[in-house]
Amino acid sequence: MEFKEVIRKRYSCKKYSDRQVEPEKLAAILEAGRLAPTAKNLQEQHIYVVSKPETLAKIDAVTPCRYGAPTVLVVAFDKYNVFTYPGGKRDSGVEDASIVATHLMLAAADEGVDSCWLNYLDPEKLADVLGLPENEEVLMVLDLGYGAEGAGPLPNHDSRKPLEETVTYL
């Protein structure tokens with residue numbers, strides 16, 4: 001798919017069938033995340049692939065928003081391996097993991113796999129129930145799968161502000 005088509009057609013799927021993502025498509029999605037740029041090329045991301053029902057149930061206990069996806073990617077980052085910006089008030093962890101997550105999400109769309117970025121959850125609670133290492137901070141969860149019958153974009157999906165409201169040339 002052409003990139004412009006990928007970004008226009010991708011939507012947040014809120015209802016999934018039980019069809020599993022094919023291993024080769026999952027591998028392509030994960031590879032796109034691996035290739036994402038990170039500050040100073042630190043590559044502090046860690047992606048957890050979850051498809052076992054008992055582990056999905058642990059995620060369901062932390063968020064009401066998994067929507068029945070058969071596969072979930074939990075995107076975390078090593079909070080002790082980040083670039084600290086001049087001034088010492090910010091670091092690259094959240095933004096680097098966000099870039100990785102965006103690559104995963106767009107690669108899924110390119111592979112014909114539906115997704116939904118989930119952040120309605122307590123990241124510390126999720127890390128705890130999944131038994132993640134103490135040095136890792138969860139950024140988000142990405143539902144992956146195939147939309148169930150009747151699934152589609154929300155009514156406001158194509159509603160976007162004009163560029164004049166969101167861009168300023170200085």
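Start by selecting cysteine 13: at a relative accessible area of 0%, it is buried (buried is under 20% relative accessible area, exposed over 50%, partly exposed in between, with a 1.4 Å probe and protein chains only). Before going on, know that this is a predicted model, where local features need pLDDT of at least 70 and side-chain atom pairs count only at pLDDT 80 or more, while totals for chains, interfaces and linings use all residues. Residues are numbered from 1 along each chain as its sequence is written, and side-chain values use heavy atoms, with hydrogens and water left out.

**The cysteines**

Keep cysteine 13 on screen and add cysteine 116. What is the disulfide count here? Zero, taking a disulfide as a pair of cysteine sulfur atoms within 2.5 Å. For cysteine 13, the nearest cysteine sulfur is that of cysteine 116, 7.6 Å away. Now add cysteine 65, which counts as buried at 16% relative accessibility. Its closest cysteine sulfur is also in cysteine 116, at 7.6 Å, and that is too far for a bond.

**Zoom out**

Switch to a cartoon view. You should find six helices and four strands; these are DSSP runs, with helices as H or I of at least four residues and strands as E of at least two, numbered from the N terminus. Trace the chain from the N terminus and the elements go α-α-β-α-β-α-β-α-β-α. The radius of gyration is 17 Å, close to the 15 Å that the globule rule gives for 170 residues, so the protein is as compact as a globular protein of that length. That radius is taken over C-alpha atoms, and the rule is 2.2 Å times the number of residues to the power 0.38.

Turn the C-alpha trace along its principal axes and it spans about 50 × 45 × 30 Å. Colour by accessibility next: 39% of the 170 residues count as buried. With a surface on, about 10,200 Å² is exposed, and carbon and sulfur atoms supply 52% of that (Shrake-Rupley areas with a 1.4 Å probe; for residues, only the protein chains shown count as cover). If you draw a contact map, with contact meaning heavy atoms within 4.5 Å, residues 24 or more positions apart account for 79% of the contacts with a separation of 6 or more.

**Helix α2 and the loop after it**

Select residues 23-34, which is helix α2, and pick out alanine 32. Is alanine 32 buried or exposed? Buried, at 16% relative accessibility. Leaving aside neighbours within four places in sequence, alanine 32 is in contact with His103 and Ala107. For a distance check, click histidine 157: it is 125 residues from alanine 32 in sequence and 25 Å away in space, C-alpha to C-alpha.

Move on to the loop between α2 and β1 (45-50), where asparagine 41 is found. Asparagine 41 has a positive phi of about 55° although it is not a glycine. Glutamine 43 is in that loop between α2 and β1 too, with a positive phi of about 50°, again without being a glycine. Its relative accessible area of 37% makes glutamine 43 partly exposed.

**Rings and arginines**

Last stop: show the side chains of phenylalanine 83 and tyrosine 85. The structure holds one aromatic pair, and these two residues form it, edge-to-face, at 5.3 Å centre to centre with 85° between the planes. Rings of Phe, Tyr and Trp (its six-membered ring) pair if their centres lie within 6.5 Å; planes under 30 degrees apart are stacked, over 60 edge-to-face, and the rest tilted. Phenylalanine 83 is partly exposed, at 25% relative accessible area.

Add arginine 90, which lies over the face of tyrosine 85, 5.0 Å from the ring centre. A charge sits over a ring if NZ of Lys or CZ of Arg is within 6 Å of the ring centre and within 35 degrees of the ring normal. Finish with arginine 19, over the face of tyrosine 146 at 3.6 Å from the ring centre.
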